[in-house]
Amino acid sequence: MSFKKISALLLVAMLAAGAFGCKKKEEAAAPAAGAAKPAGNTVKIGFLGALTGDVAMFGKPTLEGMKMAAAEINAGGGILGKQIEIVEADNRGDKQEGASVTQKFISRDNVTAIVGDPTTGITKVAAPIAQKAGVVLLSAGATGPGVVEVGDYIFRDTLLDSIAIPACIQYFAKDLGFKKVAIITSDNNDYSVGLSQTFRDAAAKVPSIKIVADEKVKDGDKDFSAQITNIKAKKPDVILFSGYYTEGALIMKEARKQGLKSPMFGGDGLFSPKFIELGGPAVEGSMSALGFSTEQASPATAKFIEAFKAKHNGELPGLFDAQGYDAVMLLADSMKRANSVEAKVFKDALAKTKGFEGVSGTISMQANREPIKSPLSLLFVKDGKFVLKAKVPVKMD
């Protein structure tokens with residue numbers, strides 16, 4: 001081979017190598033991809049909640065409500081020509097598993113939004129992960145503080161403790177004549193700790209209400225004899241237990257065993273058939289503050305109730321069925337208003353929601369993305385069933 005040919009070949013090789021090097025540099029300089037854009041003809045929404053374990057009583061109905069909403073929307077043509085796909089996983093009520101499921105939804109399933117968790121503790125673990133990834137997370141159950149503060153992709157559709165508790169205290173003082181309250185907090189439960197503090201803060205503004213006892217327990221405890229002995233001596237009109245139904249039922253059995261006749265009051269953590277099943281006659285008269293009731297239903301709620309009964313052999317829906325349904329409907333509504341299924345676009349429409357007629361009540365988002373819902377439903381256990389005691393209107397501005 002001649003010197004000229006060798007030189008020409010070397011020149012071609014050098015130019016090719018240079019071009020290849022430039023391409024690699026350009027690729028390296030490209031920005032990292034953000035949240036995945038919805039692809040194809042589906043919009044994926046992840047369900048974050050427990051399907052097994054102690055809090056599955058909240059997760060299962062949330063998922064059922066989500067599925068009902070998705071089926072209804074898909075039957076009507078979907079969202080902007082796309083069908084909703086609900087992606088399921090079971091976090092077993094465990095915070096570490098909740099974080100893993102959230103990450104899986106984002107990195108593997110490419111969800112556009114996540115509904116859940118129904119509990120405050122796991123929602124607070126999942127929220128920073130969703131916020132960093134630019135994926136909307138809408139909890140259909142978390143009522144405690146420190147949730148939406150995580151960032152502008154984080155929402156919820158449930159009645160807040162900060163709204164429900166002051167309304168209940170006013171009702172207790174004015175309508176029921178309660179004056180003395182005993183508080184029991186499960187101090188290893190974020191939801192319980194937050195609810196108890198909300199009650200203390202609200203009670204401090206009502207002169208006729210006095211907190212006469214403030215006891216601590218833990219999730220998983222079985223023996224509450226010491227706490228009830230202390231409370232009994234104070235003769236409270238009502239016991240606020242801010243935790244979940246399992247411990248609530250056992251507390252009431254111990255109270256009745258010791259002859260304490262005060263009723264129990266709590267948030268949606270008490271609202272479960274298991275509370276009545278575990279507590280039996282001891283929980284008669286116990287009260288739960290909720291954002292949903294099947295009694296005195298609005299037209300939208302009545303329609304939902306009938307559809308649920310038709311699907312479940314006459315069974316009535318509960319709070320978490322309704323809030324799971326509303327969560328998917330809220331997401332769909334915001335996507336339609338934004339004319340986009342991309343989270344970075346429709347999150348702003350979701351934040352501006354006003355007067356949304358959900359099956360769990362009328363919902364408006366405040367400037368901080370916290371929901372205002374009306375009315376408040378105060379339910380109590382009568383003859384082994386939760387029935388409506390009072391509907392308390394909530395100011396929407």
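Mentor: Rings of Phe, Tyr and Trp count as a pair if their centres lie within 6.5 Å. In this predicted model, that rule gives ten aromatic pairs.

Trainee: What makes Phe271 and Phe386 an aromatic pair, and why is it called tilted?

Mentor: Their centres are 4.9 Å apart, and the limit is 6.5 Å, so they pair. The planes make an angle of 55°; stacked needs under 30 degrees and edge-to-face over 60, so this pair falls under tilted.

Trainee: How do you know that the pair links distant parts of the chain?

Mentor: Look at where the two sit: Phe271 is in the loop between β9 (264–266) and α9 (273–279), while Phe386 belongs to strand β15 (residues 385–392). That puts them 115 residues apart. Both Phe271 and Phe386 are buried, too.

Trainee: And what makes Phe304 and Phe308 a tilted pair?

Mentor: Here the centres are 6.2 Å apart and the planes 50° apart. The distance is within 6.5 Å, and the angle is neither under 30 degrees nor over 60, so tilted it is. Both rings come from helix α10 (residues 299–311), four residues apart, or about one turn.

Trainee: Why do you say that Lys389 sits over the ring of Phe380?

Mentor: The charged end of Lys389 is 4.5 Å from the ring centre. The distance limit is 6 Å, and the charge must also lie within 35 degrees of the ring normal, so distance is just one part of the test. Lys347 likewise lies over the face of Tyr153, at 5.2 Å from the ring centre.

Trainee: On to charges. Why is the contact between Lys104 and Asp109 called a salt bridge?

Mentor: N to O comes to 2.6 Å, and the cut-off is 4 Å, so the contact qualifies. Lys104 and Asp109 also belong to a salt-bridge network with Arg108. The count for the model is 14 salt bridges.

Trainee: Which of Lys104 and Asp109 is buried, and how do you know?

Mentor: Asp109 is, because its relative accessibility is 12% and buried means under 20%. Lys104 comes in at 22%, so it counts as partly exposed.

Trainee: What about Lys274 and Glu277: what makes that a salt bridge?

Mentor: They are 3.5 Å apart, N to O, so they also pass the 4 Å test. The two are three residues apart in helix α9, so about one helical turn separates them.

Trainee: Why does Glu277 count as exposed?

Mentor: Its relative accessibility is 56%, and exposed means over 50%. Lys274, at 31%, is partly exposed.

How values were computed:
Residues numbered from 1 in each chain as written. Predicted model: local features only at pLDDT ≥ 70, side-chain atom pairs only at ≥ 80, totals over all residues. Heavy atoms only, no water. Phe/Tyr/Trp six-rings, centres within 6.5 Å; stacked < 30°, edge-to-face > 60°. Buried < 20%, exposed > 50% of the residue type's maximum accessible area, 1.4 Å probe, protein only. Salt bridge = Lys/Arg side-chain N within 4 Å of Asp/Glu carboxyl O.
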